[in-house]
Amino acid sequence: MTNTNPFRPGSGISPPYFAGRNREIDIFRKKLDKSMNDDFIQHMAIVSGWGSGKTSLLLKFKEIARGINCPVLPVQLYSVMDTKDFVELFVNSASFVVPPSKWKKFSSAVSSLGINVMGTGVQVVKQASFFEPQTAFCHSLKNIWNNSHTQLIPVMIDDIQLITKKEQTLEILRNVFTWAANEGYKFMLVVSGTLDLFERFQEAHSPLTRFFEPLILNPLSSDEIRDAVLKPLENTSISFSDDVVEQIITLSEGNPFYIQLLASHAFEHARNNIVNLDDFKLSLISAINDVSARMFDNMFNKLCMNEKNVLRILYESDVPMRWGEVLEMAENSGIKRASARTSLKRLIDNELLKSVKPQKYEKQYTLRDVLFKEYLSAKLDKVSKVSKVSKV
Ligand SMILES: Nc1ncnc2c1ncn2[C@@H]1O[C@H](COP(=O)(O)OP(=O)(O)OP(=O)(O)O)[C@@H](O)[C@H]1O
Ligand SMILES: [Mg+2]
């Protein structure tokens, strides 16, 4: 028994207990099996919003693949990359599947394509204009495959939306990996990205949709949230009362980051080894301060006055509102229609608002989540009321 806090709110940190995601794991296992034992390679894209467990799920997939002796090629992206950077990063990540004894031979082969490979001592001085990403990528895949001895190479690319020329890169990925499969080089792509990136995947017949077969990660169910909270507590001497667990279910709305955040702060507020509702209420203040410092303040402080006032309209409404309704209310309160439209669009693009679509009805908009609403209750009081809106 320990009293060390087991919860791990963060980004890219494996949880103390991995809850749910059975559907996604099952699909991954089947695709992996089929791709290994058949010539038909099946790719996969995991799409969902902030803190919803994409990275943790890819780590789980990696564990599963390794469990059947299938080493993974992970590509760790950083922001603002163009296609050339991407190809270079990809090739350098090949060290995960190309054994050290073959690395030298491999790197001199790909260096001749204009790709800088770390640890070769060869600085490639080819001009960017001479570098043709698609051709260089195809040759690199051939070299990776020929230098690694495995039945299949799953390639895992997290946060693919970080690539600046993402549309072009996704097309190149599709072309190059289709070519590779036809040549008998078995690479299985597993990528993750935000919902907006894959919006065009929603078009039923888009070739990218058919290629990546995107899966949207849903919020965890009540039972899964209960597991995510209660299982890690089993090794500690702390317990949460039932109503505290219910509060975490309601306030987290199934978002894994929020589950870890709320449970972690609750744990810190235990008295006599138990967390009751009153302790939880106190812990909620520190949880909201925590998420504000990590995210909400940054989002809120960037808003102009009109955006704050449009946000207030949504904050004050108990129900989601249609686009036209929001614009009408904004106009009535003195914001010009064109600015109201721009403000609303920016709030949606920056994920302060989300859309919901009741069956057969027009899209409606509401605040991103319950915790953000809690945060706004303190913030918006300090912002001038709608009547003082600047008429931009
Ligand atoms: N299945 C799960 N069960 C319990 N907790 C989880 C689960 N998946 C993720 N978490 C936790 O949720 C938090 C966010 O997870 P993760 O970083 O994987 O999400 P993400 O979608 O990659 O986030 P980001 O938008 O920051 O990239 C982490 O603290 C992680 O430990
Ligand atoms: Mg992530």
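Student: Which helix gives the most to the shell around ligand 1?

Tutor: Helix α10 does, with four residues. A helix here is a DSSP run of H or I with at least four residues, a strand is a run of E with at least two, and both are numbered from the N terminus. This is a predicted model, where local features need pLDDT of at least 70 and side-chain atom pairs count only at pLDDT 80 or more, while totals for chains, interfaces and linings use all residues. Residues are numbered from 1 along each chain as its sequence is written, and chains are lettered from A and ligands numbered from 1 in the order in which they are written.

Student: How many residues surround ligand 1, and which are the closest?

Tutor: The shell holds 24 residues, and P15, G53, T55, S56 and P256 are the closest. To be near the ligand, a residue needs its C-beta atom, placed from the backbone, within 6 Å of it. Helices α2 (54-67) and α10 (256-268) each supply at least two shell residues. Domain 1 (22-216) and domain 2 (222-299) each give at least three.

Student: What makes E213 partly exposed?

Tutor: Count C-beta atoms, placed from the backbone, within 10 Å of its own: 20 or more others means buried, 12 or fewer means exposed, and in between is partly exposed. E213 has 14 such neighbours, so E213 is partly exposed. E213 sits in the loop between α7 (207-212) and β5 (214-216). Its phi is positive, near 45°, and E213 is not a glycine.

Student: Why is N272 called exposed?

Tutor: N272 has 8 C-beta neighbours inside 10 Å, so N272 counts as exposed. Its loop runs between α10 and β7 (274-275). N272 also has a positive phi, about 50°, without being a glycine.

Student: How do you know that the span of helix α1 agrees with what is expected?

Tutor: The expected span is 1.5 Å times one less than the number of residues. Helix α1 (residues 22-37) has 16 residues, so it should span 22 Å; its end C-alpha atoms are 22 Å apart, which agrees.

Student: Which residues of α1 are buried, and why do we say that they line one face?

Tutor: The buried ones are F28, K31, L32 and S35. Seen down the axis of α1, they fall within an arc of 100°, so they line one face of the helix. That arc is taken from the directions from the helix axis to the C-beta atoms. An α-helix has 3.6 residues a turn, so residues three or four places apart point the same way.

Student: Which residues are exposed on the other side of α1?

Tutor: N22, R23, D26, K30 and N37 are exposed there.

Methods: Domain bounds come from an automatic or database domain assignment.
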